[in-house]
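Here are my notes, set out as numbered points so you can follow along in your viewer. I begin with the pocket and work outwards from there.

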Amino acid sequence: MMPANGNLLYKGNCRKPLGKLAQRLEEVKCPWRQSSGLELSHSEVARLATDALLESGLAAYKRALAGERELGFLSKLEIAYISQRGGVARLAEPSHSDWEAGDTQSELTSGTYFPMQSDSEAPVLDLGWSKGQSCASLPSDTQVIFQRDKTHSIKDTIRQLFSEAKSLIAIMMDLFTDVDIFCDLLEASAKRGVPVYLLLEETNLEHFMLMCDELDIQKDHVMNMRIRSVVGDTYCTKSGKKFSGQVLEKFMIIDLEQVVAGSYR
């Protein structure tokens, strides 16, 4: 076919190239193909597909991926989590518990469309924060403990550290329902005057509150504790739908000298 300007027009394959993830999978499956290299940049396709999931559901998510010839990058577990928690974003004052103002509150973050929620200052450590010893004078020591060692259980090790704490206990947990450990914290804070900072993942906060209700914990029992909840980064679409990630971490700091990280059952 020859147009008036004399240039040839070809009817070729106009399909989109594979998405970045799909292309990379094809490359790593074929040992004879040269790799295109690792890309750590933002994925616009992932953003569009996530927006579609939040706005219109699973079918729209799959259509967005098909249109971009990209692989599904979310697991069924992740899709269920986003679908259940996706809602309309709103600017609201954080709720407070019945214990005392500021003891338990959500600290939402968002770097997309609600910068005022991510630019807020960190809460004041009003119970104090011990200085600890000079790092230069402390030898470094690392110990690995396995749960199968019944003579040196992880839980007993943690409880022993709490019983020896003198100036500070700071804890981050995604799920806290252990009555033994909670009693250890109450004993350290109320009986020995050790400040306790407890940071809990907001999704599972209700389980901690239920435990406190069953134990009939009143605000005078936790006067030397600061208990707050936290969520992961908050993803927002342009229309206002949003969901917050989870903080699946477990670690604790004792007297600014000992750090314990990991989990056990």
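1. A good place to start is helix α6, which gives the lining of the largest pocket its largest share, seven residues. Please keep in mind throughout that this is a predicted model.

2. Which other elements join in? Besides α6, the strands β2, β7 and β8 each supply at least two residues of that lining. In total 42 residues line the pocket, and I158, M252, V259, V260 and A261 are the ones nearest its centre. The volume of this pocket comes to about 1200 Å³.

3. The position of α6 is worth a look too. This helix, residues 154-164, lies across β2 (169-173), β7 and β8, and runs at about 30° to β7. Another helix, α8 (residues 205-214), also packs on the sheet, where it touches β3 (196-201) and β4. The direction of α8 makes about 130° with that of β3.

4. Now to the sheet itself. It is open and has five strands, ordered β4-β3-β2-β7-β8, with mixed pairing. Which strands stand at the edges? They are β4 (225-230) and β8 (258-261); each has a single partner strand, so one side of each is left without a neighbour in the sheet. On average, and ignoring direction, neighbouring strands here are turned by 10° against each other.

5. For a closer view of one edge, try the pair β7 and β8. Strand β7 covers residues 250-254 and pairs with β8 in the antiparallel sense, over four bridges. Within this region, I254 stands opposite Q258 of β8. As general background, strands of a sheet pair through backbone hydrogen bonds, either parallel or antiparallel.

6. Next, the nonpolar interior. The largest nonpolar core holds 28 residues, and F162, I169, F176, F182 and F208 have the most contacts inside it. Two or more residues come from each of α6, β2, α7 (179-191), β3, α8, β4 and β7. Of these, α7 gives the most, with five residues.

7. F182 deserves a point of its own. Leaving aside residues up to four places away in sequence, F182 touches F176, F208, M211, C212, L215, I217 and M225. In soluble globular proteins, nonpolar side chains tend to be buried together.

8. Finally, please do not overlook the second core. It is separate, has ten residues, and includes A49, L53, L65 and L74.

Notes: Residues are numbered from 1 along each chain as its sequence is written. This is a predicted model: local features need pLDDT of at least 70, side-chain atom pairs count only at pLDDT 80 or more; totals for chains, interfaces and linings use all residues. Side-chain values use heavy atoms; hydrogens and water are left out. Two strands pair if DSSP finds at least two bridges between them. Axes are lines fitted to C-alpha atoms, for helices over the stretch in contact, and angles run from 0 to 180 degrees between N-to-C directions. Contact means heavy atoms within 4.5 Å. A nonpolar core is a set of buried Ala, Val, Leu, Ile, Met, Phe, Trp, Tyr and Cys residues joined through side-chain atoms within 4.5 Å. Buried means under 20% relative accessible area, exposed over 50%, partly exposed in between (1.4 Å probe, protein chains only). On a 1 Å grid over the protein atoms alone, a cavity is a set of points where a 1.4 Å probe fits but cannot get out, and a pocket is an open set with protein on both sides within 12 Å along at least five of seven lines; lining residues have an atom within 4 Å of a point. Grid points are joined across faces, edges and corners, and a volume is the space filled by probe spheres set on the points.
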